[in-house]
Amino acid sequence: MIEIKNLEFHYSRKRPIYNDLGVSIKEGSICGLLGLNGAGKTTLLNVIAGFLIPQNGTCKVFGMEASERKPEMLQEVFIVSDTSDLPYINLNTFCKTYADFYPRFDHDFFNHCVSEFKVSTKNRLISLSLGDKRKAMLSFALSTRCRLLLLDEPTNGLDIPSKSVLKKLIAESFNEKQTILIATHQLRDLSNLMDRIIIEHHGRIVLNESIDCISEKLLFGVNEHLIPKEDLIYLSEGLTKYETVSVNRTKEQGQIDVELLFAAATANPNEFKAIFTLEN
């Protein structure tokens, strides 16, 4: 689905975003791309969509170089990013104008989405609130039935009920031939939908693993006094308890704490690399 090799990208030579980045994402998954604000998640999505051209390396989508923006690729990719610069038309007109670019666009599902979100299709997009702009673009994106959806901070501007609606709609629309890449720093919002986690830190991918693999190899939230020192990977001392990440010796799958996972992976990237390459 996505194959990135030796990628270099910078806006300024003094501040490279990526240097020799490599990552692959297979078809049929909902991936969480996690990283700090300003770390390069949006840049990576725009490289994958073909909006930005890397200085070196390759980024292939469906076997095609993304920067070439071939029509057969573009009709299978949709990105939801900044919604501040939308056209001076309403959502119905937007749908009629752009739906034909996507051969599997599902008008019935689009109507279902806007109904679930309770977003106006008659008011001009530019006049909508941030949350309603986001709902409008998410409704269109999910209805394209594209093989690759790139969602950049999709829960920004959404209230709690709308986040629940988004989870429901993603679950309803997703199929095994599709990949959804969700870039976010709001780690808990959509974590229960993700079947793969990719963590980016300082221009490197420090983790790219399935939820099953992570839960088999790591334990979360166990009191430090019960963990052998050699198995303890990360420790955070809270007000009333210790929060920990440790090696899972039992191999029984446990519950993943995404925030703890992110903290541990970015604090100990080399240790994570060792843990997840020994058997893979």
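In the predicted model, Phe110 has a relative accessible area of 2% and is buried. The aromatic partner of this residue is Phe105, and the two rings form a tilted pair, with 6.1 Å from centre to centre and an angle of 45° between the planes. Phe105 likewise falls below the 20% limit that defines a buried residue, because its relative accessibility is 11%.

Aromatic pairing recurs in the structure, which holds 10 such pairs. Another of them joins Phe94 to Tyr98: the ring centres lie 4.6 Å apart and the planes meet at 45°, so this pair too is classed as tilted. Both residues belong to helix 3, which spans residues 91–98. Within that helix, Phe94 and Tyr98 are separated by four residues, or about one turn. The two partners fall into separate classes of accessibility. Phe94 counts as buried, because its relative accessibility is 8%, whereas Tyr98, at 31%, counts as partly exposed.

The residues of these two pairs belong to one aromatic cluster, formed by Phe78, Phe94, Tyr98, Phe101, Tyr102, Phe105, Phe110 and Phe140. An aromatic ring also takes part in an arrangement with a charged side chain: the charged end of Arg145 is placed over the ring of Phe109, at 4.5 Å from the ring centre.

Later in the chain, three strands make up an open sheet, arranged in the order 11-13-12 and paired in antiparallel fashion. The edges of the sheet are occupied by strand 11, covering residues 218–220, and strand 12, covering residues 232–237, each of which pairs on one side only. On average, and with direction ignored, neighbouring strands of the sheet are turned by 10° against each other. In general, the strands of a sheet are paired through hydrogen bonds of the backbone, in either a parallel or an antiparallel manner.

The pairing of strand 12 with strand 13, the latter comprising residues 242–247, is antiparallel and involves five bridges. At residue level, Glu237 has Tyr242 of strand 13 as its bridge partner. Glu237 is thus placed at the end of the range 232–237 given for strand 12, and Tyr242 at the start of the range 242–247 given for strand 13.

A helix is associated with this sheet. Helix 9, which comprises residues 269–277, lies across strand 11, strand 12 and strand 13. The direction of helix 9 makes an angle of about 135° with strand 12.

Terms used: Residues are numbered from 1 along each chain as its sequence is written. This is a predicted model: local features need pLDDT of at least 70, side-chain atom pairs count only at pLDDT 80 or more; totals for chains, interfaces and linings use all residues. Side-chain values use heavy atoms; hydrogens and water are left out. Rings of Phe, Tyr and Trp (its six-membered ring) pair if their centres lie within 6.5 Å; planes under 30 degrees apart count as stacked, over 60 as edge-to-face and the rest as tilted. Helices (H or I, at least four residues) and strands (E, at least two) are DSSP runs, numbered from the N terminus. Buried means under 20% relative accessible area, exposed over 50%, partly exposed in between (1.4 Å probe, protein chains only). A charge sits over a ring if NZ of Lys or CZ of Arg is within 6 Å of the ring centre and within 35 degrees of the ring normal. Two strands pair if DSSP finds at least two bridges between them. Axes are lines fitted to C-alpha atoms, for helices over the stretch in contact, and angles run from 0 to 180 degrees between N-to-C directions. Contact means heavy atoms within 4.5 Å.
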